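Biologist: I'd love a close look at one small part of this protein. Could you walk me through it slowly, with the terms explained as you go?

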Amino acid sequence: KEMFKLKEMFKLCSESCKVEEHQRAATGDLLSGSFCTQQMWHAPLTLTDLPSFGNVGHINNAGHHFTCKHPGCGPLHHVLVVDKSGSMCRRDVSPEDHRLQTSHPNRLGAVLDACNQYLLMRQDKSSNDLVSLVAFESTAQPIFQGLPLDPPDLFRRMGVLRADGLTNFTAALSCTSEIVEKVEKQGLRD
């Protein structure tokens, strides 16, 4: 039986889960670690592939699936919440990004610039992350939900926002809560 398990293992990707608890528990036994469940030379997986595994385990930043699950590992789903109420038209701050200095030379532009910088930073850490954006003023609405982390595409999508209306934090929290609940049902982390 052990020989059969070893033969089956050699068909699979050899990537092992690098979480510290596996390193501490390692005894030199090949069968005791947590290894990628995919065939050798598989295409990298993304966070959106996790439901096909019954939301069991996690997919690491390099695109490998493991059956183990650890708090704080694997890709994230980021939910950005942007105030686009009328007060965001004020020009007391301005964005650093030259594209926004022309189209959004105001508080809203500075917020969109901060969002873009955050997404660029996250891309350096994990290109498998997903992103949602909620914009609010008198009402709140998701501008996009669960999109792959692609800063140029997301920057373009955020650029349609214009400041107007009153500030309704209750609507913003309600809309954000709905997205977080949907994410939790899909077994993703936010």
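The part I have in mind is the helix that holds P152, helix α5. What is the relative accessibility of P152, and does P152 count as buried or exposed?

Modeller: Happy to. First, a word on the model: it is predicted, so local features need a pLDDT of at least 70 and side-chain atom pairs count only at pLDDT 80 or more, while totals for chains, interfaces and linings use all residues. Residues are numbered from 1 along each chain as its sequence is written, and side-chain values use heavy atoms, with hydrogens and water left out.

Now to your residue. P152 has a relative accessibility of 60%, so P152 counts as exposed. Here, buried means under 20% relative accessible area, exposed means over 50%, and partly exposed is in between, using a 1.4 Å probe and protein chains only. P152 is part of helix α5, which runs from residue 151 to 158. Helices (H or I, at least four residues) and strands (E, at least two) are DSSP runs, numbered from the N terminus.

Helix α5 has two sides worth telling apart. Its buried residues are P151, L154, F155 and M158. Looking down the axis of α5, these fall within an arc of 105°, so they line one face of the helix; the arc is that of the directions from the helix axis to the C-beta atoms. A general point helps here: an α-helix has 3.6 residues a turn, so residues three or four places apart point the same way. On the face turned away from the buried side, α5 carries the exposed residues P152 and R156.

What does the buried side pack against? The buried residues of α5 pack against helices α3 (98–103) and α4, and against strands β4 (130–136) and β5 (140–148).

Let's follow the α4 partner. Helix α4 covers residues 107–125, and α4 and α5 pack at an angle of about 165° with their axes 10 Å apart. Axes are lines fitted to C-alpha atoms, for helices over the stretch in contact, and angles run from 0 to 180 degrees between N-to-C directions. The two helices are therefore roughly antiparallel; angles under 35 degrees count as roughly parallel, over 145 as roughly antiparallel, 65 to 115 as roughly perpendicular and the rest as oblique. On the α4 side, the contact is made by L112, C115, N116, L119, L120 and Q123, and on the α5 side by P151, L154, F155 and M158. Contact means heavy atoms within 4.5 Å. These residues divide into eight nonpolar, two polar and no charged: Ala, Val, Leu, Ile, Met, Phe, Trp, Tyr, Cys and Pro count as nonpolar, Asp, Glu, Lys and Arg as charged, and the others, Gly among them, as polar.

One residue of α4 deserves a pause: L119. At 0% relative accessibility, L119 counts as buried. Leaving aside neighbours within four places in sequence, L119 is in contact with L80, V131, L149, P151, L154 and M158. L119 also links back to your residue: P152 and L119 are 33 residues apart in sequence, and their C-alpha atoms are 9.6 Å apart in space.

Finally, the wider setting. The protein has six helices and five strands, and 38% of its 190 residues count as buried.
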